[in-house]
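Good morning. I will go through one structure today, and I will start with a single helix before moving outward. Please have a look at it first.

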There are 2 protein chains.
Amino acid sequence: MTDVNVSKIEPIQRKGRDARRQAIIDVAREVFLTEGYAAASMSEIAARVGGSKGTLYNYFPSKEALFAAFMGAECQIEGTMAHQINDAEEADIAAALTSIGGRLLRFILSDKVQAIHRLVIAEAPRLPELGRTFYEEGPRKGVTMLCDHIERWMDEGRLKHGDPFRAAEQFGELLKAGLHHRKLWAVADPTEAQIDSNVTEAVRIFLAAYAA
Amino acid sequence: MTDVNVSKIEPIQRKGRDARRQAIIDVAREVFLTEGYAAASMSEIAARVGGSKGTLYNYFPSKEALFAAFMGAECQIEGTMAHQINDAEEADIAAALTSIGGRLLRFILSDKVQAIHRLVIAEAPRLPELGRTFYEEGPRKGVTMLCDHIERWMDEGRLKHGDPFRAAEQFGELLKAGLHHRKLWAVADPTEAQIDSNVTEAVRIFLAAYAA
DNA sequence: AATTGACCGTACTGTACGGTCAATTTACTG
DNA sequence: CAGTAAATTGACCGTACAGTACGGTCAATT
């Protein structure tokens, strides 16, 4: 009632609070990615973050909310990653595709991205919007940027005309050929040689089908 | 001690027991596929099978054991499926690939196979041999049979020489292009038109790269 | 008719979880 | 330093789970 100048109260300890909030999300990421959503326990997260469960619930109202916060941050990181991967200044199409493809494939096959894929695939039926936002912010952005390159090359007459978005998806799929699923199924980790080999093969096949 | 002719006891009521065991696995399949491993409860399975939990544990010593039994049966089913999909008698390579590709892609995109993929991907880190046996009995077999066709066509000089196994994997990956992951991420269900379109595109690109 | 053993229903144990709360400590302010 | 509001704690609650125990039922075998 007697709250004169409420606005002054707000930034009272924001720095410490934000830092702690971020620390919680960092721990949550580690636990969620290694244990999965169901097996991850709030008690363990609280213990690993060095605080109590009550404090945890002071920052996030529920397990779902913490999970959503973590996934939001994660998607954003992945989205910005797409920019780095896709800026190729090579004039030669084959060289550009090889360069982009190598970076993209290594990114997709990294342990971190694999763990996120696992999580999204497992929880997507239960949380439909999770799958959607992950797709929009991650893979979708990556494909779209590759698509822009391909569309430009098509317009310049250096590639056959066609649906550039589908072409980008096909190239991405050729890159993964076998390696992605074998890693997802815990059958085998791809070697560096296999990765390089897959990239050159993907470029070869893509250009065989699309080179003007 | 006084166990004369123990052997006689064995086949006493095997028929009913096996039938019941199968009924339990059938129910377990349904529950595991829709709920996932962690969320599936033994009580619910017992209730759906129409029996008591004690009986359930009379047939399977633990939840893990029931899960393993279900996955074993499932892998076998999927393995036999590969045979039907892969027998193509078309002489024309493009026609054969289109025929096989259409059946294979529709199989992969079916709700049942998608649910199994989800389960395997989610549980593979926890149960490493699950991922391995699934791969060996399912996708591996499918790719190998397609590989046999491709190798024969290569030997006959109708396709360029190369690694037939990798070529088979590449063709499989081209078939899926985008659709598989969008369904796995609960972003969008593929339409019939998209499926057909993906098949013809996959054949086109594959032949552009491999036709002699 | 007697016997067997699989089966049912239910209640139970122990454990682990998500989430809550009153009490306490900490950190800032006048 | 005193006062106060926020931050933190850890014990606690209700619930749900895997797995166990047991008295009683019933259909098939002997």
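What covers the buried residues of α7(B)? Keep that in mind while I say that this is a predicted model, and that the helix in question runs over residues 128-137 of chain B. Its buried residues are Leu130(B), Gly131(B), Thr133(B), Phe134(B), Tyr135(B) and Glu137(B). The cover over them includes α4 (63-86), α6 (111-123) and α8 (139-155) of chain B, together with α10 of chain A. So part of that cover comes from the other chain, because α10 here belongs to chain A, while α7(B) is a helix of chain B.

That brings me to the contact between the chains. Chain A puts 34 residues into the contact, and chain B puts in 34 residues. On the side of chain A that touches chain B, at least two residues each come from α6 (111-123), α7 (128-137), α9 (164-176), α10 (179-184) and α11 (192-210). The most comes from α9(A), which gives six residues. Sorted by class, this side of chain A has 20 nonpolar residues, nine charged and five polar.

Two of those helices, α9(A) and α11(A), also pack on each other. Their axes are 8 Å apart, at an angle of about 150°. The crossing of α9(A) past α11(A) is right-handed. From α9(A), the residues that make this contact are Ala167(A), Phe171(A), Leu174(A) and Leu175(A). From α11(A), they are Asn198(A), Val199(A), Ala202(A), Ile205(A), Phe206(A) and Tyr210(A). Nine residues of this contact are nonpolar, one is polar and none is charged. A general point about helices helps when you read such lists: an α-helix has 3.6 residues a turn, so residues three or four places apart point the same way.

Now chain A as a whole. How many helices and how many strands does chain A have? There are 11 helices and zero strands. The radius of gyration of chain A is 22 Å, whereas a compact globule of 212 residues would be near 17 Å. Along the principal axes, the C-alpha atoms of chain A fill a box of roughly 75 × 45 × 30 Å. Of the 212 residues in chain A, 37% are buried. If we take contacts in chain A between residues at least 6 apart in sequence, 62% of them join residues at least 24 apart.

Last, the DNA. Which residues are closest to DNA strand C? They are Gly54(A) and Lys63(A) from chain A, with Gly51(B), Ser52(B) and Thr55(B) from chain B, out of 19 residues that surround the strand. Helices α2 (42-49) and α3 (53-59) of chain A, and α1 (14-35) and α3 (53-59) of chain B, each supply at least two residues of the surface near this strand. The largest share is four residues, from α3(B). By class, this surface near strand C has 11 polar, five charged and three nonpolar residues.

DNA strand D is surrounded by 17 residues, and the closest are Gly51(A), Ser52(A), Gly54(A), Ser41(B) and Lys63(B). Two or more residues each come from α1 (14-35) and α3 of chain A and from α2 (42-49) and α3 of chain B. For strand D the most comes from α3(A), with four residues. The surface near strand D divides into 10 polar, five charged and two nonpolar residues.

That is the end of my part.

Key: Residues numbered from 1 in each chain as written. Chains lettered and ligands numbered in written order. Predicted model: local features only at pLDDT ≥ 70, side-chain atom pairs only at ≥ 80, totals over all residues. Contact = placed C-beta atoms within 7 Å. Nonpolar A, V, L, I, M, F, W, Y, C, P; charged D, E, K, R; others polar. Near = placed C-beta within 6 Å. Rg over C-alpha atoms; globule rule 2.2 N^0.38 Å. Buried ≥ 20, exposed ≤ 12 C-beta atoms within 10 Å, placed from the backbone. Axes fitted to C-alpha atoms, helices over the stretch in contact; angles between N-to-C directions. Left-handed = near helix turned anticlockwise from the far one by under 90°.
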